[in-house]
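These are my notebook entries on two bound ligands, written while going through the model with the structure open beside me.

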Amino acid sequence: MDYDQLQLPNHLGIIMDGNGRWATERGLPRSAGHKAGADNLKKLLFYIYEKGVSYVSLYAFSTENFKRDAKEVSFLMDLFVKLFHKELDVLLELGVKVVFSGRRENLPDNVFKAMQELALKTKDANKSTLNICINYGGQYEILDMTKKITELVLSKKLSVEDIDKKVIEENLYQNLPPLDFIIRTSGEMRSSNFMIYQASYAEYYFPSTYFPDFNEQEFDKAIVEFNNRKRRFGGN
Ligand code: IPE
Ligand code: IPE
Ligand code: MG
């Protein structure tokens with residue numbers, strides 16, 4: 001598709017959903033769906049960054065996903081480690097700086113180490129940013145931000161009168177521009193705790209496609225839809 005006449009979201013969010021159903025419908029274990037989702041993600045991200053999107057936030061694992069079967073959780077954790085090692089070179093080639101959002105607690109050490117390594121090795125990349133949300137929940141992000149700001153006030157580094165939106169944004173997990181467009185695959189129409197602060201004026205798009213099938217053509221359709229939205233930000 002010709003992107004010349006189209007506007008890209010500056011910050012795109014993707015809630016990758018439907019891996020499990022994709023697999024179940026094929027008589028496969030849920031893990032096969034996660035593997036297919038990961039394969040799709042690599043192709044899709046390459047396409048998205050090649051088109052010139054500056055910021056992508058990915059919902060990879062919610063804090064609530066720890067409620068899942070231990071075997072599924074450990075499969076996903078191992079998959080993250082493999083991906084973070086394997087995709088480093090491509091990300092560097094694309095000029096993508098990787099940052100993470102979420103809580104450290106409950107993450108296996110090898111996952112946390114792989115996250116730190118990927119962030120460190122890509123820290124000087126300056127074309128685009130990839131924010132990966134792992135062990136992430138939007139309400140926890142707001143809670144953790146509140147604690148950080150309270151500490152600043154209690155230690156007299158900040159006065160209450162000086163708390164404004166800028167201070168809030170500086171104390172979230174990452175200080176990123178607002179989300180413009182959020183794609184959630186699989187037909188579910190909810191945010192499931194994804195970046196609720198940053199999504200205040202984002203446009204949402206809910207294709208019924210399961211994430212492993214959300215390919216380049218599906219992305220093209222999403223961008224056309226984004227261009228058909230009239231964003232108002234409270235104005236007229
Ligand atoms: C998204 O697919 C992947 C993660 C949440 C980690 P799901 O695993 O939620 O797939 P469904 O929703 O059960 O089909
Ligand atoms: C949201 O998907 C989390 C991720 C995509 C990582 P879920 O499949 O966990 O969300 P619910 O439970 O359907 O709301
Ligand atoms: Mg799901």
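Entry on ligand 1. I looked up where ligand 1 sits, and found it in the largest pocket, a pocket being, on a 1 Å grid over the protein atoms alone, an open set of points where a 1.4 Å probe fits, with protein on both sides within 12 Å along at least five of seven lines, and a molecule sitting in it if more than half of its atoms lie within 2 Å of its grid points. The elements that give two or more residues to its shell are helix H1 (19-24), helix H2 (30-51) and helix H3 (70-86), helices being DSSP runs of H or I with at least four residues and strands runs of E with at least two, numbered from the N terminus. H1 supplies the largest share, 3 residues.

Entry on the basis of these values. I note that this is a predicted model, in which local features need pLDDT of at least 70, side-chain atom pairs count only at pLDDT 80 or more, and totals for chains, interfaces and linings use all residues. Residues are numbered from 1 along each chain as its sequence is written, chains are lettered from A and ligands numbered from 1 in the order in which they are written, and side-chain values use heavy atoms, with hydrogens and water left out.

Entry on the neighbours of ligand 1. Of the 13 residues around ligand 1, those that come nearest are Met16, Asp17, Gly20, Arg21 and Arg68, where a residue counts if one of its heavy atoms lies within 4 Å. I then looked for polar contacts (pairs of N or O atoms within 3.5 Å): the side chain of arginine 68 places a polar atom 2.7 Å from a ligand 1 oxygen, while polar backbone atoms of asparagine 19 and glycine 18 lie 3.2 Å and 3.4 Å from an oxygen atom of ligand 1. The protein covers 87% of the 380 Å² of accessible area that ligand 1 has on its own, by the Shrake-Rupley method with a 1.4 Å probe.

Entry on ligand 2. Ligand 2 also sits in the largest pocket, and the residues around it include Tyr59, Phe61, Arg184 and Arg190. Strand S2 (residues 55-62) gives the most to this shell, with 4 residues. For its oxygen atoms I noted side-chain partners in serine 192 at 2.6 Å, asparagine 65 at 2.8 Å and aspartate 17 at 3.2 Å. The protein covers 77% of the 390 Å² of accessible area that ligand 2 has on its own.

Terms used. Polar contact = N/O pair within 3.5 Å; in protein donor to acceptor, adjacent residues only side chain to side chain. 1 Å grid on protein atoms, 1.4 Å probe; cavity = no way out; pocket = protein on both sides within 12 Å on 5 of 7 lines; lining within 4 Å.
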